[in-house]
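Student: Could you take me through a structure and show me how to read burial, contacts, pockets and cores from its coordinates?

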Amino acid sequence: MRICIFGAGAVGGLFAARLAAAGHDVAVVARGAHLEAMRRNGVKLLHGGEVIHGEVRTGDPGPQDAVIVTL
């Protein structure tokens, strides 16, 4: 499933990390330094002692099956 997270800040980053780690094709729409960090490193969620990491796409997401807006 292709999923776009529009506004990948704190809440959007949580969704992006969980969905990408679960194997979904995730694109993120963000800006500034946050976007650059996700381009370089993907997304990482620290939850207790667990680290959840997911690779995401940035830029033009193209056609998606679902869009989650988190602003």
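Tutor: Let us begin with I68, which in this predicted model is placed in strand β5.

Student: Is I68 buried, partly exposed or exposed?

Tutor: The relative accessibility of I68 is 25%, and because buried requires a value under 20% and exposed one over 50%, I68 counts as partly exposed.

Student: Which residues does I68 contact, once its neighbours within four places in sequence are left aside?

Tutor: With those neighbours set aside, I68 is in contact with I3, C4, I5, F6 and L19. A distance between C-alpha atoms can be read as well: I68 and G7 lie 61 residues apart along the chain, and their C-alpha atoms are separated by 8.5 Å.

Student: Where is T70 placed, and what does the side chain of T70 reach?

Tutor: T70 is in the segment after β5, the strand that spans 66-69. The side chain of T70 reaches the backbone oxygen of G7 at 2.5 Å. Not counting residues up to four places away in sequence, T70 touches I5, F6, G7, A8, V11, G12 and F15. The relative accessible area of T70 is 15%, and since the cut-off for buried is under 20%, T70 is classed as buried.

Student: How should I think about empty space, and what volume does the largest pocket have?

Tutor: The general idea is that rolling a probe the size of a water molecule over the atoms shows where empty space is left. In this model the largest pocket has a volume of about 170 Å³. Its lining is made of 13 residues, of which G13, H34, M38, V43 and K44 are the closest to the centre. At least two lining residues are supplied by each of α1 (10-21), α2 (32-41) and β3 (43-47), and by class the lining holds 7 nonpolar, 5 polar and 1 charged residues.

Student: Which residues have the most contacts inside the largest nonpolar core?

Tutor: As a general tendency in soluble globular proteins, nonpolar side chains are buried together. Here the largest nonpolar core has 14 residues, and those with the most contacts inside it are I5, A16, V26, V28, V43 and V56. At least two residues of this core come from each of β1 (2-6), α1, β2 (25-29) and β3, and the largest share, 4 residues, is that of α1.

Student: What does V43 contact, leaving aside its neighbours within four places in sequence?

Tutor: V43 is in contact with A16, A17, M38, I52, H53, G54 and V56 on that basis. V43 therefore links two of our topics, being listed among the residues closest to the pocket centre and among those with the most contacts inside the core.

How values were computed
Residues are numbered from 1 along each chain as its sequence is written. This is a predicted model: local features need pLDDT of at least 70, side-chain atom pairs count only at pLDDT 80 or more; totals for chains, interfaces and linings use all residues. Side-chain values use heavy atoms; hydrogens and water are left out. Buried means under 20% relative accessible area, exposed over 50%, partly exposed in between (1.4 Å probe, protein chains only). A polar contact is a pair of N or O atoms within 3.5 Å; within protein, one must be able to donate a hydrogen and the other to accept it, and residues adjacent in sequence count only if both atoms are side-chain atoms. Contact means heavy atoms within 4.5 Å. On a 1 Å grid over the protein atoms alone, a cavity is a set of points where a 1.4 Å probe fits but cannot get out, and a pocket is an open set with protein on both sides within 12 Å along at least five of seven lines; lining residues have an atom within 4 Å of a point. Grid points are joined across faces, edges and corners, and a volume is the space filled by probe spheres set on the points. Ala, Val, Leu, Ile, Met, Phe, Trp, Tyr, Cys and Pro count as nonpolar, Asp, Glu, Lys and Arg as charged, and the others, Gly among them, as polar. A nonpolar core is a set of buried Ala, Val, Leu, Ile, Met, Phe, Trp, Tyr and Cys residues joined through side-chain atoms within 4.5 Å.
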